[in-house]
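Q: Could you take a close look at the metal site in this structure and walk me through how it is built? Once that is clear, please place it in the wider setting of the chain.

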Amino acid sequence: MKVSFAAQRPEGSYALAIPVWDEDMLADRLTGFDEASRTLAARAADAQRFEREAATIAETFISEGDSARRLLLIGLGGKRDDEALYEKIGGALTAKLLCSGETRLVIDLANLSLGGAAAARMAFGAVARAWRYDLYRTKLNTKAKPTLEEIVIVGGGEGADEAWNQKSAVLDGISFTRELVTEPANIIYPESFVDRARKHLEPLGVEIEVLDEDQMRKLGMGALLGVAQGSVQAPRLLALRWNGASDPGKKPVVLVGKGVTFDTGGISIKPAQGMEAMKWDMGGAAAVVGTLKALATRKAKANVVGVCALVENMPDGKAQRPGDIVTSMSGQTIEVINTDAEGRLVLSDAMTWAQRQYKPEVMIDLATLTGAMIISLGHEFAGMFCNNDDLAVQLADAGLKTGDKLWRMPMGDAYNKMMDSPIADMKNAGAREGGSITAACFLERFVDEGVKWAHLDIAGMVWADKPGALWDKGATGFGVALLDRFVADNYEK
Ligand code: BES
Ligand code: MN
Ligand code: ZN
């Protein structure tokens with residue numbers, strides 16, 4: 001999608017969108033049209049019960065020379081402090097026009113005095129909502145094919161281009177995350193995940209290090225390798241480093257992602273119904289590489305490391321069994337009660353390695369870790385588990401500002417005890433009750449003294465079964481805008 005900002009409406013054919021606040025006089029927003037068109041637009045809006053609620057649209061065609069122009073009045077509502085309003089407006093417009101036959105959308109902000117940042121946010125929403133992945137469709141009927149190619153925002157004012165530069169970097173990251181999440185598991189498995197990350201990130205100046213199975217065995221990563229041993233796909237540990245801070249020696253923020261490229265459950269196999277969803281059990285790792293892409297694209301002035309634990313969880317003659325005891329890189333032993341609780345096993349070794357390697361002050365892991373998370377918070381908030389109040393506030397704030405919302409969950413000794421094992425240092429699965437919390441307590445056992453740590457359980461957020469304001473059905477790209485903002489607000493000043 002091509003995006004530009006202009007002072008005047010362009011020549012030629014396009015659909016014209018005009019945003020209106022609930023208290024605006026419609027006539028004031030329709031200056032430049034003749035009387036007949038203004039009346040037509042006003043009557044059409046009434047007939048469609050258009051009341052300017054945020055992101056609602058009334059559609060009219062007005063005559064323009066000897067042809068007709070599609071005119072969309074779009075409501076801004078009445079809440080001027082709504083954090084995500086402008087993104088939603090852009091998203092609603094492209095959702096409506098993407099396959100409409102229109103090739104160009106002009107959004108006219110003249111006289112609204114919204115400023116360049118708001119204009120860039122509208123463009124962000126418009127482009128985010130228009131993303132789709134048609135690679136595997138060899139037959140798409142004409143009317144289902146996207147037509148919209150270009151968005152021009154008129155009257156955005158000062159700073160729109162500069163704000164858009166930053167926003168479009170975040171969109172690059174989100175698009176990459178969505179692509180990885182959308183690809184099936186026969187295409188994206190640990191090695192191909194690494195190849196694709198390399199292709200996208202190396203040209204941007206991100207340093208890449210990859211550990212193979214032998215290297216992980218030498219390091220003692222028994223928990224990660226135990227999960228991988230049932231698959232013909234070899235595991236990988238992928239580390240990405242963006243060193244953008246003015247002090248290259250400054251301790252990095254470390255992001256760790258669960259990258260289970262397919263989760264059958266292993267010997268504790270999942271039911272067939274819906275199992276295809278487990279192709280996106282690498283959504284945490286995808287958010288980590290997408291964030292690094294965003295940061296490197298906009299040349300963020302911060303040091304950030306991403307670590308992805310990449311494995312496939314399969315049942316097999318060689319697969320690990322319930323009851324097996326594995327020794328993690330930290331030295332702690334784990335009784336594998338349920339081979340479907342594999343995310344925590346691979347994360348534990350990735351976290352230990354990341355801490356030994358980079359000595360971070362802050363470590364944030366992202367994982368589609370538990371079905372229980374979806375039971376508690378649904379698809380509105382990801383669960384946040386955190387050992388530091390300041391970090392929790394910073395993350396929750398970035399969440400509110402980007403729409404990638406986080407809700408803090410409790411932890412504590414009573415929950416932690418539920419993961420004790422009678423035969424090893426801990427077990428990987430306990431009772432069903434509080435399943436997301438006990439999973440977080442398991443992970444906390446691998447956090448070193450003094451490290452500020454947050455675990456984001458994004459199981460309910462990676463994939464959408466219905467379209468949202470900024471995405472169609474499918475991959476959402478959750479986490480990229482959040483982490484980009486978290487870094488921008490706390491590590492680039
Ligand atoms: N990847 C799943 C969690 C999941 C389920 C994510 C549904 C997204 C949608 C995870 O590996 C898993 O299977 N967790 C188990 C843990 C249990 C065995 C302790 C779960 O949630 O049932
Ligand atoms: Mn599982
Ligand atoms: Zn899983």
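A: Here is a walk through the metal site, followed by the domains and some side-chain contacts elsewhere.

Please keep in mind that this is a predicted model. Let's start with the manganese ion (ligand 2). Its protein donors are Asp263 (OD), Asp340 (O), Asp340 (OD) and Glu342 (OE), at 2.0 to 2.2 Å from the ion. Asp340 thus appears with both an O and an OD atom. Along the chain, the donors of the manganese ion (ligand 2) follow the spacing D-x76-D-x1-E. The site of this ion has 6 donor atoms with angles of 69 to 166° among them, and its geometry is irregular.

The neighbouring metal is the zinc ion (ligand 3), and the two ions are 3.1 Å apart. Around the zinc ion (ligand 3), the coordinating atoms come from Lys258 (NZ), Asp263 (OD), Asp281 (OD) and Glu342 (OE), at 2.0 to 2.4 Å. In sequence, these donor residues are spaced K-x4-D-x17-D-x60-E. Here too there are 6 donor atoms, with angles of 78 to 174°, but the site of the zinc ion (ligand 3) is octahedral. For reference, ideal angles for six octahedral donors are 90 or 180 degrees.

What ties the two metals together? Asp263 bridges the zinc ion (ligand 3) and the manganese ion (ligand 2). Glu342 is listed among the donors of the manganese ion (ligand 2) and also among those of the zinc ion (ligand 3). The manganese ion (ligand 2) and the zinc ion (ligand 3) have Asp263 in common as a coordinating residue, and the pair links distant parts of the chain: Asp263 is in strand E9 (residues 253-263), while Glu342 is in the loop between strand E12 (333-335) and helix H10 (343-358), 79 residues apart. Both Asp263 and Glu342 are buried.

Now for the wider setting. The domain assignment divides the chain into domain 1 (2-157) and domain 2 (169-491). Their centres, taken over C-alpha atoms, are separated by 38 Å. The contact between them takes 13 residues from domain 1 and 19 residues from domain 2.

Away from the metals, the aromatic side chains are worth a look. The whole structure holds 8 aromatic pairs. In one of them, the rings of Tyr133 and Tyr136 have centres 6.4 Å apart and planes at 70°, so this pair is edge-to-face. Tyr133 is partly exposed, at a relative accessible area of 24%, and Tyr136 is partly exposed as well, at 48%. Another pair is Phe442 with Phe446, which is tilted, with 5.4 Å centre to centre and 40° between the planes. Phe442 and Phe446 are both buried. Returning to the tyrosines, Trp131 joins Tyr133 and Tyr136 in one aromatic cluster.

Charged side chains also sit over rings. The charged end of Arg80 is over the ring of Trp21, 4.0 Å from its centre. Likewise, the charged end of Lys293 is over the ring of Phe176, 5.5 Å from its centre.

Key
Residues numbered from 1 in each chain as written. Chains lettered and ligands numbered in written order. Predicted model: local features only at pLDDT ≥ 70, side-chain atom pairs only at ≥ 80, totals over all residues. Heavy atoms only, no water. Donors = N, O, S within 2.8 Å, 3.2 Å for Na, K, Ca; no water. Tetrahedral: all angles 85-135°; square planar, octahedral: opposite > 155°, others 65-115°. Helix = DSSP H or I, 4+ residues; strand = E, 2+ residues; numbered from the N terminus. Buried < 20%, exposed > 50% of the residue type's maximum accessible area, 1.4 Å probe, protein only. Phe/Tyr/Trp six-rings, centres within 6.5 Å; stacked < 30°, edge-to-face > 60°. Lys NZ or Arg CZ within 6 Å of the ring centre and 35° of its normal. Domains from an automatic or database assignment. Contact = heavy atoms within 4.5 Å.
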